[in-house]
Amino acid sequence: MTNKLAFRLSTHADQEFIEAIYPEAFPDEDLLPVIRDLLREPSGILSIVAVSDGAIVAHMIMTSCKVAGHDENVALLGPLAVTPEWQRQGIGSAIVNTALEKMESQGVAVVYVLGDPNYYGRLGFMTESKVMPPYPLPDAWQGAWQALSLGSNRKSLDGRLEVPQPWRHRELWS
Ligand SMILES: CC(C)(COP(=O)(O)OP(=O)(O)OC[C@H]1O[C@@H](n2cnc3c(N)ncnc32)[C@H](O)[C@@H]1OP(=O)(O)O)[C@@H](O)C(=O)NCCC(=O)NCCS
């Protein structure tokens, strides 16, 4: 990993650079609508950029959520993208770990993600079966729904993840 890499909260001025990463990293998916909606949310969003020599090379969002019937604060990880030429240099892992530390310091009990288990498993995520995603997943994606408990006071949660409006689009989950 480059020595000059820094992580910080994104600002409004970063948006065009954030938006440039996703079509390159995910050429087959259009994540820009949900990213724009999330960045417009007045609260409950942690948006972090990785910056190298002044250039934004990665971005991720954590969304504050609840599990139906539980008081604990939980979060949903994603989207996450690293500019192709900067991939496989530890930046994705580092930005996730930066966000997880922040979530833990804020008392977030569990972080959920819908993503490749080969990747998120390396970061400590495990397949989740008690807390369900907001919409039923296709059978082929069942193993992609994962969770990571934070802190020492591990809670056993069950129920459906309640997400804010930007995530309430069935096509994001199918
Ligand atoms: C997935 C992504 C966020 C990972 O960030 P990164 O900075 O490249 O990853 P890191 O350097 O932290 O970790 C590298 C390891 O993650 C794994 N990895 C990287 N990209 C992967 C991918 N697309 N799928 C599965 N595993 C992946 C590999 O095991 C790799 O280790 P290796 O280089 O020793 O084989 C980034 O590559 C990206 O934005 N990719 C485009 C989108 C994508 O493919 N998403 C699918 C996964 S959700």
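Modeller: Helices and strands are here DSSP runs, numbered from the N terminus. The model is a predicted one. In the chain, the elements run β-α-α-β-β-β-α-β-α-β-β-β-β from the N terminus on.

Biologist: How many helices and how many strands does the chain contain?

Modeller: The chain holds four helices and nine strands.

Biologist: What radius of gyration does the chain have, and what would a compact globule of 174 residues have?

Modeller: A compact globule with 174 residues would have a radius near 16 Å, and the chain has 15 Å, which agrees. Along the principal axes, the C-alpha atoms occupy a box of roughly 45 × 35 × 35 Å.

Biologist: What share of the residues counts as buried, and how far apart in sequence are the residues in contact?

Modeller: A residue is called buried when its relative accessible area is under 20%. By that cut-off, 45% of the 174 residues of the chain are buried. Among contacts with a separation of 6 or more, 71% join residues 24 or more positions apart. The accessible surface of the chain is about 9,300 Å², and 48% of that surface belongs to carbon and sulfur atoms.

Biologist: How should charge be read, and how far apart are the mean positions of the positive and negative charges?

Modeller: Lys and Arg count as positive, and Asp and Glu as negative. The chain has 14 positive and 21 negative charges, with mean positions 5 Å apart.

Biologist: Let us turn to a helix. What span is expected for helix H3, and what span does the model give?

Modeller: Helix H3 covers residues 91–105, and at 1.5 Å a residue its 15 residues should span 21 Å. The end C-alpha atoms of H3 are 21 Å apart, so the model agrees with the expectation.

Biologist: Which residues of H3 are buried?

Modeller: An α-helix has 3.6 residues a turn, so residues three or four places apart point the same way. In H3 the buried residues are Ile91, Gly92, Ala94, Ile95, Val96, Ala99, Leu100 and Met103. Just after H3, Gly107 adopts a positive phi of about 80 degrees.

Biologist: Where do residues other than glycine take a positive phi?

Modeller: Asp53 is one of them, with phi near 50 degrees. Asp53 sits in the loop between strand S2 (45–52) and S3. Arg88 is another such residue, with phi near 60 degrees, and belongs to the loop between S4 and H3.

Biologist: Are Asp53 and Arg88 buried or exposed?

Modeller: Exposed means a relative accessible area over 50%. Asp53 is exposed because its value is 62%, and Arg88 is exposed because its value is 87%.

Biologist: Which residues does a cis peptide bond join?

Modeller: The cis bond joins Gly78 and Pro79, with omega about -10 degrees. Pro79 lies in strand S4, which covers residues 74–82.

Biologist: How does one read the surroundings of a single residue, such as Ile56?

Modeller: One asks about its place, its cover and its contacts. Ile56 is in strand S3 (residues 55–67) and is buried because its relative accessible area is 13%. Leaving aside residues up to four places away in sequence, Ile56 touches Arg8, Asp14, Phe17, Ile21, Val49, Ala50, Val51 and Thr83. Pro84 is 28 residues from Ile56 in sequence, and their C-alpha atoms are 12 Å apart.

Biologist: What does the reading give for Ser149?

Modeller: Ser149 lies in strand S8 (residues 145–149) and, with 26% relative accessibility, counts as partly exposed. Beyond residues up to four places away in sequence, Ser149 touches Ala109, Val110 and Arg154. The C-alpha atoms of Ser149 and Glu162 are separated by 17 Å, with their positions 13 residues apart along the chain.

Note on methods: Residues numbered from 1 in each chain as written. Predicted model: local features only at pLDDT ≥ 70, side-chain atom pairs only at ≥ 80, totals over all residues. Heavy atoms only, no water. Helix = DSSP H or I, 4+ residues; strand = E, 2+ residues; numbered from the N terminus. Rg over C-alpha atoms; globule rule 2.2 N^0.38 Å. Buried < 20%, exposed > 50% of the residue type's maximum accessible area, 1.4 Å probe, protein only. Contact = heavy atoms within 4.5 Å. Areas by Shrake-Rupley, 256 points an atom, 1.4 Å probe, with all protein chains shown as cover. Charge placed at Lys NZ, Arg CZ, Asp CG, Glu CD. Expected span 1.5 Å × (residues − 1).
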